[in-house]
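Colleague: Could you take me through a single part of this model in some detail? I would like the strand pairing in one region, followed outwards from there.

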Amino acid sequence: MTARTADAGTAQTLGTLPALDVDALIDDPGTRIVVCCGAGGVGKTTTAAALGVRAAERGRRVVVLTIDPARRLAQSMGLTELDNTPRRVKGVDGASGGELHAMMLDMKRTFDEIVESHADPERARAILENPFYQSLSAGFAGTQEYMAMEKLGQLRAGDEWDLIVVDTPPSRSALDFLDAPKRLGSFLDGRFIRLLTAPAKVGGRAGLKFMNLGVSGLSVFTGLLNKLLGTGLLRDMQTFVAAMDTMFGGFRTRADATYRLLQAPGTAFLVVAAPERDALREAAYFVERLAADRMPLAGLVLNRMHGSEAAHLSAERAMAAAENLEDGGIVDHPTGKGGDGRSAPRSASGSDDTSNSSGGTDGSPDEDSPSSPTAAERLAAGMLRLHAERMHVLARERRTRDRFAALHPEVPVAEVAALPGDVHDLEGLRAIGERLAEQPGVEPA
C-alpha cells in the first residue's frame with residue numbers, strides 16, 4: 001500500500017519531502033489495517049485516535065486498538081473505560097455511514113480466550129488455574145506484543161471492520177511488537193520448554209533419548225532443574241505443558257499468519273515522530289527496519305511542528321528590535337541613524353530626541369526618555385524576544401527534518417502543527433485529523 005504523494009521531483013530538494021495524503025490512505029477500501037508505530041511520547045496514541053475519528057466520519061467502520069498503558073485514548077474519546085471488547089464512541093458524525101469503536105488490549109484476557117477456544121472446558125479450566133500459566137499470561141516477556149497480534153488477527157478474521165487502526169507499544173529495541181510474537185511462539189512450541197519438562201512426559205525415556213542421557217542421568221537432570229527452578233515451579237510447568245500439549249503448534253502458526261498479514265498489501269505502517277533529533281533518529285531506524293522486513297510503509301507523521309505567522313521576521317532582526325526598544329529606541333550609529341539606516345526616533349512632540357539620557361530638559365528624570373522605556377515598549381520587547389526564541393525552534397526543527405529528508409527522501413511525510421493545548425476530546429482529535437490531511441502539495445478530498 002503506497003499513499004498518494006505530491007510531485008516526486010520536489011522531494012529532491014533538501015527539506016522538501018513528498019507529502020503524505022492521509023485522506024487517500026484511509027479512504028482507500030483496500031486499506032484494512034493501519035499500524036501506528038514509534039517511540040514513546042511522540043503523540044502516537046493521539047495520531048491513531050485522530051485517524052480513527054477522521055476515517056469514521058468519512059464513512060468507514062473503524063476500530064482503534066490501543067496497547068498504550070497510559071489509557072489516554074479513553075479520555076479523548078469520551079469513554080469511561082476501555083477493555084478487551086470494542087466499544088462504540090459516541091459523538092462521531094455518522095452522516096456518511098461510518099462508525100468508530102475503540103478497545104484497550106487486555107493481554108491476559110486475550111490469552112484466556114485462546115485457551116477457552118482451543119481446549120475442552122475441563123482442560124481449559126486446568127490451564128487457567130495453573131500458576132505457571134497465570135505468570136506467563138500476566139507478564140512473560142513478549143506476551144503483550146504476542147497478544148496484540150493475536151487480537152489483531154481476530155479482528156481482521158472477523159471481517160466486521162472496514163479499517164483497524166493499531167496503536168503499538170512504545171518500543172525501540174528491534175521493533176518488539178514484530179519480533180515478540182515469533183519469540184513467544186517459538187518458546188511455547190520449541191524444544192526449550194520440552195527439554196525442561198522432558199522428565200515429566202509419559203515415557204520420559206523418549207525425552208532422555210533426545211538428550212542422550214542414561215537412566216541415571218534422569219535423576220541428575222531432574223535434580224538440577226529443581227535447584228534452578230524450584231520444585232513447585234517445575235511441577236507447575238510440567239502440568240502446564242501436559243495440558244497445553246495439543247495447543248502448542250497453534251501459537252507459532254497464528255504468529256506466522258499475523259506476521260504475513262502485516263506484510264500484506266492491505267496493511268499500512270505509519271511511523272510517528274516529533275521534530276527532535278532523538279525522535280527522528282528513532283524514526284529513521286523504524287523506517288529501515290520496516291523496509292528490511294518488507295512491511296508496507298505509508299509514511300512518516302511528524303507531530304508538534306511549530307510555525308509562525310510572522311516567519312518573515314528573523315530571529316536576528318527581532319532581537320535587534322527588542323534591544324533597541326529596551327535601550328529607549330536609540331541605536332548608536334555614526335550617521336545618527338538607526339541600525340536599519342533610518343533616522344533615529346523622534347520625540348512625541350515631533351522634534352529630534354536629543355535630550356540628555358539621564359533626564360528631561362530641566363535635568364530631572366524623565367520616564368519617557370530613551371534610557372527608560374515605557375511599559376508598552378518593554379512589553380513589545382518581550383514579545384520580540386519570544387518571537388526570536390520561536391524562530392530558533394523553527395530553524396532547529398527544520399534542520400532536524402532536513403537531515404531525515406536527506407537519509408530517506410522517498411518517505412512521504414505529514415507535518416502536524418502543534419496545538420495550543422493537550423488533546424482531551426473529540427474536537428481535539430478532529431483538529432489533529434484536519435492537520436494530518438492538510439499537507440502542501442495534496443489536493444483537498
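**Strand E7 and its surroundings**

Modeller: Val 301 stands opposite Ala 414 in strand E8. The model is a predicted one, and this pair is a convenient place to begin. Next to it in sequence, Leu 300 has Val 413 of E8 as its bridge partner. Altogether E7 and E8 are joined by 4 bridges and run parallel.

On its other side, E7 (residues 297-305) pairs with E6, again in the parallel sense, over 5 bridges. Val 301 takes part here too, since Val 272 of E6 stands opposite Val 301. Another bridge of this pairing links Leu 270 to Gly 299 in E7. To get from E6 to E7 the chain passes through helix H14 (residues 277-292), and this β-α-β crossover is right-handed.

As for burial, 7 of the 9 residues of E7 are buried, so E7 is largely enclosed by the rest of the structure. In strand E6 (residues 267-273) the count is 7 of 7, so E6 is likewise largely enclosed. In a regular strand, side chains alternate between the two faces of the sheet. Both faces of E6 are covered: Thr 267, Phe 269, Val 271 and Ala 273 are buried on one side, and Ala 268, Leu 270 and Val 272 are buried on the other.

Going further from E7, E6 is joined by 5 bridges to strand E1 (residues 33-37), and the two run parallel. Within this pairing, Ile 33 stands opposite Thr 267 of E6.

These pairings belong to an open sheet of 8 strands, in the order E3-E4-E2-E5-E1-E6-E7-E8, whose pairing is mixed. Strand E3 (87-88) and strand E8 (413-417) stand at the edges with a single partner strand each, so one side of each has no neighbour in the sheet. Helix H7 (residues 143-158) packs on the sheet and touches E1, strand E2 (61-66), strand E4 (99-104) and strand E5 (163-167). The direction of H7 makes about 170° with that of E2.

For contrast with the buried strands, take Glu 122, which lies in helix H5 (residues 121-128). Glu 122 has a relative accessible area of 58% and therefore counts as exposed, the cut-off for that class being over 50%. In sequence Glu 122 and Ala 243 are 121 residues apart, while their C-alpha atoms are 9.9 Å apart in space.

Key. Residues are numbered from 1 along each chain as its sequence is written. This is a predicted model: local features need pLDDT of at least 70, side-chain atom pairs count only at pLDDT 80 or more; totals for chains, interfaces and linings use all residues. Side-chain values use heavy atoms; hydrogens and water are left out. Buried means under 20% relative accessible area, exposed over 50%, partly exposed in between (1.4 Å probe, protein chains only). Two strands pair if DSSP finds at least two bridges between them. A crossover is right-handed if, with the strands pointing away from the viewer, the path from the first strand over the helix to the second runs clockwise. Contact means heavy atoms within 4.5 Å. Axes are lines fitted to C-alpha atoms, for helices over the stretch in contact, and angles run from 0 to 180 degrees between N-to-C directions.
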